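Hi,

Here is the structure I said I would pass on. Have a look at it first, and then read on for what turned up.

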Amino acid sequence: MGYEAEIRRAIAETKTGLKDDEIFFSSEYYFRFLKQYVTTALGNKAPGRTVDLDCFAKRETEQTAWTEGHTVHINTRGPLIRDLSTRTLQHYSIIGHIVHECLHILLTDFAAMKGCINGILKASWYETLENTNAEAVLKDLQEKPMKRKLCASICKELMNIHEDGFIENYGYAMFPGVFAAGIHVMDGQLFEKAAPVEDMLQRVKEGQMPFLSMVMNCMLLDAMHFPEKSTGEPLADQETEELYEKLQSVLRECRPFTESLRWEKNGKKRVKLILEVLCVLYPMIPEVPEMPDASNAPDFSDSSEGSAEENGNGSEEQQEMQNQGGQTSGNTGAKGQEKSGNGESGSPVQGGSSAGRMSSETALEELLNSISSAMNQAMSAAPEGEGTPSGSKTLEQSAMEEARADAARNALNEETGARELNAAMNEMIQADAEREAEDMHERVLRQEAEEIRMKALRERGMNTAKWRYEVRRKPEPEESDIQKYLADHDEVREWSEPAIRMLKRVLKEREAAGAEKGYTTGRFSAQSYARNACIGAGNCFTRTRLPIGKPKCAFALCIDESGSMYAGGKIEAARKTAILLNEILSAMQVPHMVYGHNDSQGICTLDVYHNFDEPDRKDRYRLGGVSCINRNRDGAAIAYGCEKLLKRPETRKIMIVISDGLPTENSFHPEMSDEEDAAAVAKEYAKRKVGIFGAVIDGDVERIRNIYGKHTLDLTDLSRLPQELGGLISRVLKSNSLR
């Protein structure tokens, strides 16, 4: 199977395997695409920041995305993703979750969050508050160590909620297009999975949900710019109406602080606003019974360090309440897991009445589980490290609202997202297919080289040799190779472009002229005979073979890459020549091969830069990697190229060898000198109709003439090398166009 056919087969096979969404979003292709996508976006918006992306696909976990401050973890089969109806919407949601976590890393003040939690655990405020009840709250906390732990956990949830609202406001403007649309889709899922306020009121009445959880649920929707979710049905009874009025009263009292939290870019000020909200909510925070034996109470002053370090790391252990440092159950809520508020929350906890028979730690655990399972927690980054907010460009609220509206429109235009996703995936699949084909191509070249060596040895009566071929081919051109190619290509264009135009014009004119007349041999023409008889001319024959299509010839360019080519710019001149010939022959669709050779310790290394009939998309850049090292075994290198030419169907076969000196190693004739061995090989293949030209660069021309005879080109003036060999190619193509 040919190179292009192998690529097409691999692409078709991969695409067939990715038709199923479950396989698609679990594939290494998609994971690699996400990493490239995020790296590019962050590079444009925050060039000094790097974020690692950990992609995985697990249905058995309720976690979707989280971060610990430097790595974003994304579960592409998380519950907030897999339930979406189309592949594009699922892709949008994944992008939205990733951007959400990246924004935490860029904008969240981790140090301020950590300081706030540690302050509560020590019964002190991180910032001085303006609330008139702040001192009374603090005094109460000083007397109740277990309630301090509960308040620290509730404060974390408030941070999660309102930090999300803040970063997404700026995210819509910082990351427009698919990223902002992804945030919109993600938030839409949050709203869809949120419980209506009527259901929450009923569960509070029945003791299945703490009132505090309902308040925080409503805060969450408000932070994401969503209205209160309602079934539209009238409230059931007077008790429910009173409970609803109480809810609205608390939200109104908190609203000045929550509105400011949406737009405040200073991390310490955001933390202060969170503490203000905590003071408003403090009267409805349940009491936690203390341990009977005060000596068994934990020493918070000693254990407060690291108290907020593990929140949001996504481990399974985080699903249970830890007994140290006020850690909450896993921080994977509103944007990380399905809303669990509709499920049972364990023992009903209302004012701590049922917790009196339990130990203090068990009661606290029940309270936290009750609150966390009944509300949509917002994802946040664990406050590890000393991150500081990365200030974004100052944006007016109206501009952000407009960006949010644009994102909503983009999210509805699924065609754009699908087109972008398919294009990126196709590019990656193509790259992998080409890489796989290149690996196969190199294996085939190595096998072919060994077959050529054994055939050449048998033809010369040899069973073994002290040397062997080693074929090398770069799977991907290096950046340095590309830069060298581009620089050299700009230089040789002044010769290649006129040559290409001239050759195309000559071939076109000859093809348009039809059968050529006036030859002494060929097909007899009565018309020519009648016209020429009166003047006594005998040119009465025509030739009707027209130069249709590309010229029927093939070329191989062999470059001496031994160490001596390094001096005097010789290897650079050879590289430019290779680029020039490749440009001319590729434009004329003439099959050709470009390779270099050197030898070390019995290994004749062949660097194949361009092989016959292979695509030139990357081969041209590989030519920038022409370099030099070690010694040279010319006879073996010539034999390899000539054997490849002899397999070609073209009528004329040309081998060009660029070298600066004589061979230093013997190949097929042990009884001969290195020079005589190379000459014998060249003469053998010349008899088999391979035209071999030796281009001498700054070397012993007369001795090298013993190898290549009359086809030796003296190119001591390196500046003439590209033009001379370019002219040779042009002459061969013109003369061969009629054959």
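Start at the hairpin of S9 and S10: two residues sit between the strands, and glutamine 601 there takes a positive phi near 55 degrees. Keep in mind throughout that this is a predicted model. The two strands of that hairpin, S9 and S10, run antiparallel and are joined by seven bridges. One of the pairs is tyrosine 595, whose bridge partner in S10 is valine 608. S10 itself is mostly covered, with seven of its eight residues buried.

On to S10 and S4. Strand S4 (residues 468-472) runs parallel to S10 (residues 603-610), and five bridges join them. Tyrosine 469 stands opposite cysteine 604 in S10, and arginine 472 stands opposite aspartate 607. Which residues of S4 are buried, and which are not? Tyr469 and Val471 point to one face and are buried, while Arg468, Glu470 and Arg472 point to the other face and are not. That fits the general rule that side chains in a regular strand alternate between the two faces of the sheet.

Now the whole sheet. It is open and has seven strands, in the order S4-S10-S9-S8-S11-S12-S13, with mixed pairing. S4 and strand S13 (712-714) are the edge strands; each has a single partner strand, so one side of each is left without a neighbour in the sheet. On average, neighbouring strands of this sheet are turned by 25 degrees against each other, if direction is ignored. Further along, strand S8 (residues 553-560) pairs with S11 through seven bridges, and these two run parallel. Isoleucine 559, for one, has isoleucine 658 in S11 as its bridge partner. Helix H20 (residues 570-587) packs on the sheet and touches S8, strand S9 (592-600), S10 and S11, with its direction at about 165 degrees to that of S8. Another helix, H22 (residues 634-646), lies across S4, S8, S9, S10, S11 and strand S12 (690-696), and runs at about 155 degrees to S11.

One residue of this sheet to click on is isoleucine 654, in strand S11 (residues 652-659). Is isoleucine 654 buried or exposed? Its relative accessibility is 1%, so isoleucine 654 counts as buried. Leaving aside neighbours within four places in sequence, isoleucine 654 is in contact with Ala554, Phe555, Ala556, Leu645, Gly691, Phe693 and Val732. Phenylalanine 555 is 99 residues away from isoleucine 654 along the chain, yet their C-alpha atoms are separated by 4.8 Å.

There is another sheet, an open one of three strands in the order S1-S3-S2, again with mixed pairing. Here strand S1 (52-56) and strand S2 (65-67) stand at the edges with a single partner strand each, so one side of each has no neighbour in the sheet. The twist from one strand to the next averages 15 degrees. S1 and strand S3 (residues 71-75) run parallel and are joined by five bridges; cysteine 55 has isoleucine 74 in S3 as its bridge partner. Helix H5 (residues 87-107) lies across S1, S2 and S3, at about 160 degrees to S3.

Then the helix pairs. Helix H8 (residues 145-174) and helix H13 (residues 267-281) have axes that come within 10 Å and cross at roughly 125 degrees, and the two helices are therefore oblique to each other. The crossing is right-handed. From H8, the contact takes in Cys151, Ile154, Cys155, Leu158, Met159, His162, Glu163 and Phe166; from H13, Arg270, Val271, Ile274, Leu275, Val277, Leu278 and Leu281. By class that is 12 nonpolar, one polar and two charged residues.

H8 also packs with helix H9 (residues 178-193), at an angle of about 145 degrees and with the axes 8 Å apart. Here Glu168, Gly171 and Tyr172 of H8 meet Ala180, Ile183, His184, Met186 and Asp187 of H9. The classes in this contact are four nonpolar, two polar and two charged residues.

Lastly, some totals for the chain. Its secondary structure comes to 25 helices and 13 strands, and 55% of the 739 residues count as buried. Among contacts between residues at least 6 apart in sequence, 77% join residues at least 24 apart.

Cheers

How values were computed:
Residues numbered from 1 in each chain as written. Predicted model: local features only at pLDDT ≥ 70, side-chain atom pairs only at ≥ 80, totals over all residues. Heavy atoms only, no water. Axes fitted to C-alpha atoms, helices over the stretch in contact; angles between N-to-C directions. Helix = DSSP H or I, 4+ residues; strand = E, 2+ residues; numbered from the N terminus. Parallel < 35°, antiparallel > 145°, perpendicular 65-115°, else oblique. Left-handed = near helix turned anticlockwise from the far one by under 90°. Contact = heavy atoms within 4.5 Å. Nonpolar A, V, L, I, M, F, W, Y, C, P; charged D, E, K, R; others polar. Pairing = 2+ DSSP bridges. Buried < 20%, exposed > 50% of the residue type's maximum accessible area, 1.4 Å probe, protein only.
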